[in-house]
Amino acid sequence: MLTGVIAIKRLFSILLIISLCLLLSGCWNYQGLNKISIVSGVAIDRNVDNHNYQLTIEVFDLSGSGKEGGTKSQIVEAEGATIYDAVRNAKKRLTKKLYFSDMQLVVISNQIAREEGIQPILDWFMRNEKPRETFATVISQEKTAKEILTASGVDHKIVAEEIEKILDADNRTTASTKNIDTYKAMNILQGKEGNALVLPAVHCTSNQDKKVVEVNGCAIFKGDRLLGYLSPEETRYYLFAVDEIEGGILTFPFNEKNQDTQDNLTFEIFKNKTKRSYSYDGNRLKVFFDIKTTVALGEVGIDIDVSKKDNIEKIKTVAVTVFSDRLQTVIKKVQTEFGCDVFEIGTMISKKDPALWSQLKENWNIYFQGIDVEVRPEFEIINTALTK
Amino acid sequence: MIKQGEVVTNERGIVMQKEMISMRQAICMITLFLFGNSALMGMGSGMGQDAWIAIVIGAVLGSLISLVYARVIRLFPERNLYDIAQAIFGKIIGKLIIVLMTWYAIHLAALVLRNYSEFIQIVALEETPQLAMMIVMLLITGYMAFSGIEVLSKWVVIAIVLVFMVVLFTVVLSIKQVTLTNILPVMTHDFAAVGSASLKLFAFPFAETVIFLALADSIKKSDNPYKIYLYGIFIGAMILIVTFLRNLMILGVPTLEKAYFPSYTAARIINIGELFSRIEITIFYNLILGGIAKISICLFAAIKGTEILFNIKSNKKIVFFISFIILLVSRYQYNSVMEMIKFIDIYQVYAVPFQIVIPVLVWIGAEIKTRKKRKTT
């Protein structure tokens, strides 16, 4: 009798456990893979006629088999008064719901960035729980942002992924653009340290008559408004100034007879450390950039024996002067043309000397234009590759 | 009054012993209780990079008031706050204190529960009604209350190992994302602002440990209550500071201040290669473990209060009843997450009678009572 009761009890509790598994195992609104379209990137333009946002959304195309040539992408266009509105309006022409958790890229047209600012656009992407804060935001140098996403990548069929991968490896390989996660960009926009935002710039170029995307330097902002661009070459020197170089190439002219030759020496950067410091004597601020770079001599376009010590010394001297010159020029250009602190000098001062910063921060952008800069580069050439 | 080890028979004639917890378990309980929803809500308090100073001051203030709590336990060992209050102030005032403290335990459980249901709704299950999540969570804490405080204390020891491991894990994995200089400049906010933030942190979470007075009858006479409280608050504060610094160094001040749930946001950003990304789920269960511990402890306190108030012997019958009140309070106390955040400001005033006035009154009464006793004997 008693065993019978226990058996019934056991059976009952097993039933309860099973029913709990069924009831408690998922959320109310289960979404299967067949009900979502995974978004890889979004391009944002302004429709001039009705002033709506125009979204070009790149989604993974999972319909075909993945065997031939990897995953393809599809383009969905949508329009709306706000970003969220536009995202929802896309559903009008889709059976599946857009899913943003894997989004890697937002492309913003330079017209919006210049005229309206980027903060209102990024708000939804940061506020909504689906997009990850680490996606990249880039500025399209083409007429519209759509052109970027509708072009093609050389390696990947999915343009957003191509751009994201290029950005990710950039400061280790070419050092030609700025790689910054969007939450860090928002930190700069909302911070009180006078920092100016720098975002990567992207354009289209032709590769074997095919329109492909390419990163092309960086875009400089004042507040959240686009001011202008730095070329890839200038961006490299900018990256030296903010200590974000992890690799890349430096070229210099070198000729003992004729000083005005073309660049013919190539350094391959292995390691770089930029130390920034400043001195303030009561009314003038001077900023020092101590740049210590470990390089290899990767290409010598002139007939000299680079195994000789004095030749290496000569090369170093030339490199130091040319490098300081070029970095100074970039800093000067930013100071005069843009007048906003992209070099994080304000951040440096506010962290080291909050009292001084509270004095300076009032008119920081004006003050920044008149700062003296001293560049002190130092190169260590560790090898000359395979040949003497 | 049931003494330790005393054999009692309940109404069904089954022999049961009074449940006791060890000192280590008590310390772990306080630590996890402090971790609870504070790690979830982020302890930002508008102080930016200086918030860790506010946490330190809050913890010091919390330790000071905990000396009062510990003293009460020392004077009346193996008895809980409700018993002590009745013994000191007599039936009527004693009952009043019981009602107030029971209400506080219920309300605290409801607050924590709401924090979690809002959190889960915002980050994961948007369309699931919060009521459903609350019921599920209360089923677990109710089961915990059913099983008794010994089970809870053993569970806490396991849970705290997991919590520590996950915090350590996320700190190590975030190395690539951290900006150490985010902590600079130190003390840009003035002392008054940091002071008021630390008062907020004193009320939530450090002085909330007053709840443990209601469970004090399970603490052995031989264990030092001062040690339990101070170790618990020290370890709890350390882990909260580590969590805060991790969030600060990953997110930076503006994002940290903007996020409702900074720990979660920070975990979303952690990414080492492609391998260790999307680890927010670990943080998720970490936070939920803390929440379950905190709600369970409050539930125990509320049940004990109700038992003594209405002279009920077995707590099992009233678990449902109390859980139901918690559910109702939790469901109807706010209309939105904004109100929930705003309430922290009100809370620090609201909590004063429960966290300071009543314990201090009980303490003074206890001192007088024990002195008198000593004189007469």
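This is a chat about how the two domains of chain A meet in a predicted model.

User: Where are the domains in chain A?

Analyst: Domain 1 covers 32-230 and domain 2 covers 243-388, with bounds from an automatic or database domain assignment. Residues are numbered from 1 along each chain as its sequence is written, chains are lettered from A in the order in which they are written, and side-chain values use heavy atoms, without hydrogens and water. As the model is predicted, local features need pLDDT of at least 70 and side-chain atom pairs count only at pLDDT 80 or more, while totals for chains, interfaces and linings use all residues.

User: How far apart are the C-alpha centres of the two domains?

Analyst: They lie 32 Å apart.

User: And how many residues are in contact?

Analyst: 19 from domain 1 and 21 from domain 2, counting heavy atoms within 4.5 Å. About 1600 Å² is buried between the domains, 52% of it given by carbon and sulfur atoms; that's the accessible area (1.4 Å probe) the two parts lose on being put together, summed over both.

User: Which residues make the salt bridge across the interface?

Analyst: The rule finds one there. Lys178(A) pairs with Glu244(A), closest N and O atoms 2.9 Å apart; the rule wants a side-chain nitrogen of Lys or Arg within 4 Å of a carboxyl oxygen of Asp or Glu.

User: Which elements give two or more residues to domain 1's side?

Analyst: Helix H6 (159-173), strand E8 (210-222) and strand E9 (225-230), as DSSP runs (helices H or I, at least four residues; strands E, at least two) numbered from the N terminus. E9(A) has the largest share, four residues.
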